[in-house]
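Open the model in your viewer and keep the sequence panel beside it. Each stop below says what to select and what is there.

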Amino acid sequence: MAALAAVAVLTGGRVVLAVFRRAERSRAAELPHDPEAAEQTVAPLTRAAATLRGGEWIGMLERLAVFAAVLAGSPESLAVAMVLKGFARYPELKATSTGAAERFIIGTFVSVLFACACAGLAAWLIRLF
């Protein structure tokens with residue numbers, strides 16, 4: 001169980017970054033082949049990282065909270081963690097017109113789904129043994 005918690009917390013960020021790269025590539029494929037226009041439009045998720053400071057640490061704490069909430073069978077705790085994160089980030093998201101909101105939503109969904117998957121696997125293994 002501790003190993004799966006570590007996987008959720010420590011490798012979830014890599015999964016989120018991979019999804020960001022894929023999202024930016026798919027956006028680039030939709031644009032006409034103009035490298036200058038593509039650069040201006042493709043990188044908002046990457047540029048938004050400067051606006052949403054502390055994202056790596058917040059993501060790790062988020063995945064730990066989600067993992068624990070799912071394993072404890074406490075959907076209320078999961079909801080509280082998500083609400084707190086949303087309220088904490090709201091001023092930054094409101095103040096920017098860059099891809100910060102998109103990055104926040106994509107990153108949160110991927111992070112939470114990954115932590116839920118790890119916790120689900122841990123719960124299954126606990127029941128198995």
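Start with the cysteines. A search of the whole structure finds zero disulfides, a disulfide being a pair of cysteine sulfur atoms within 2.5 Å. Select Cys 116 and Cys 118 and look at their sulfurs. No bond joins them because the two sulfurs are 9.5 Å apart, too far for one. Now colour by burial: buried means under 20% relative accessible area, exposed over 50%, and partly exposed in between (1.4 Å probe, protein chains only). Cys 116 is partly exposed, at 24% relative accessibility. Cys 118 is buried, at 7%.

Before moving on, note what you are looking at. This is a predicted model, in which local features need pLDDT of at least 70 and side-chain atom pairs count only at pLDDT 80 or more, while totals for chains, interfaces and linings use all residues. Residues are numbered from 1 along each chain as its sequence is written, and side-chain values use heavy atoms, with hydrogens and water left out.

**The whole fold**

Zoom out and switch to cartoon. The protein has six helices and zero strands. These are DSSP runs numbered from the N terminus: helices are H or I with at least four residues, strands are E with at least two. Along the sequence the pattern reads α-α-α-α-α-α. Of the 129 residues in the protein, 34% are buried. Contact here means heavy atoms within 4.5 Å. Among contacts with a separation of 6 or more, 75% are between residues 24 or more positions apart.

**The core**

Which residues make up the largest nonpolar core? Select Leu 4, Ala 5, Ala 8, Phe 67, Cys 118, Ala 119 and Ala 122, seven residues in all. Helix H1 (2-30) and helix H6 (100-128) are the elements that each give two or more residues to this core. A nonpolar core is a set of buried Ala, Val, Leu, Ile, Met, Phe, Trp, Tyr and Cys residues joined through side-chain atoms within 4.5 Å.

Stay on Ala 119. Leaving out residues up to four places away in sequence, Ala 119 touches Phe 67, Val 70 and Leu 71.

Next, pick Ala 117, which also lies in helix H6. Ala 117 is partly exposed, at 47% relative accessibility. Draw a distance from its C-alpha to that of Ala 8: the two are 109 residues apart along the chain and 8.4 Å apart in space.

**Helix H4**

Select residues 55-71. This is helix H4, with 17 residues. From first C-alpha to last, H4 reaches 24 Å, close to the 24 Å expected at 1.5 Å a residue. That expected span is 1.5 Å times one less than the number of residues. The buried residues in H4 are Gly 59, Met 60, Glu 62, Arg 63, Val 66, Phe 67 and Ala 69. After H4 comes Gly 73, with a positive phi near 70°.

Go to Val 70, in helix H4. Val 70 is partly exposed, at 30% relative accessibility. Beyond its neighbours within four places in sequence, Val 70 is in contact with Cys 116, Ala 119 and Gly 120. The C-alpha atoms of Val 70 and Gly 120 are 7.4 Å apart, across 50 residues of chain.

Then step to Leu 71, again in helix H4. Leu 71 is partly exposed, at 26%. With neighbours within four places set aside, Leu 71 is in contact with Met 1, Ala 119, Ala 122, Ala 123 and Ile 126. C-alpha to C-alpha, Leu 71 and Ile 126 are 9.9 Å apart, with their positions 55 residues apart in sequence.

**The largest pocket**

Last stop: show the surface. The largest pocket has a volume of about 430 Å³. Of its 23 lining residues, the closest to the centre are Val 16, Phe 20, Gly 55, Glu 56 and Arg 103. Which helix gives the most to the lining? Helix H4 does, with seven residues. H1, H4, helix H5 (75-94) and H6 each supply at least two.

On a 1 Å grid over the protein atoms alone, a pocket is an open set of points where a 1.4 Å probe fits, with protein on both sides within 12 Å along at least five of seven lines; lining residues have an atom within 4 Å of a point. Grid points are joined across faces, edges and corners, and the volume is the space filled by probe spheres set on them.
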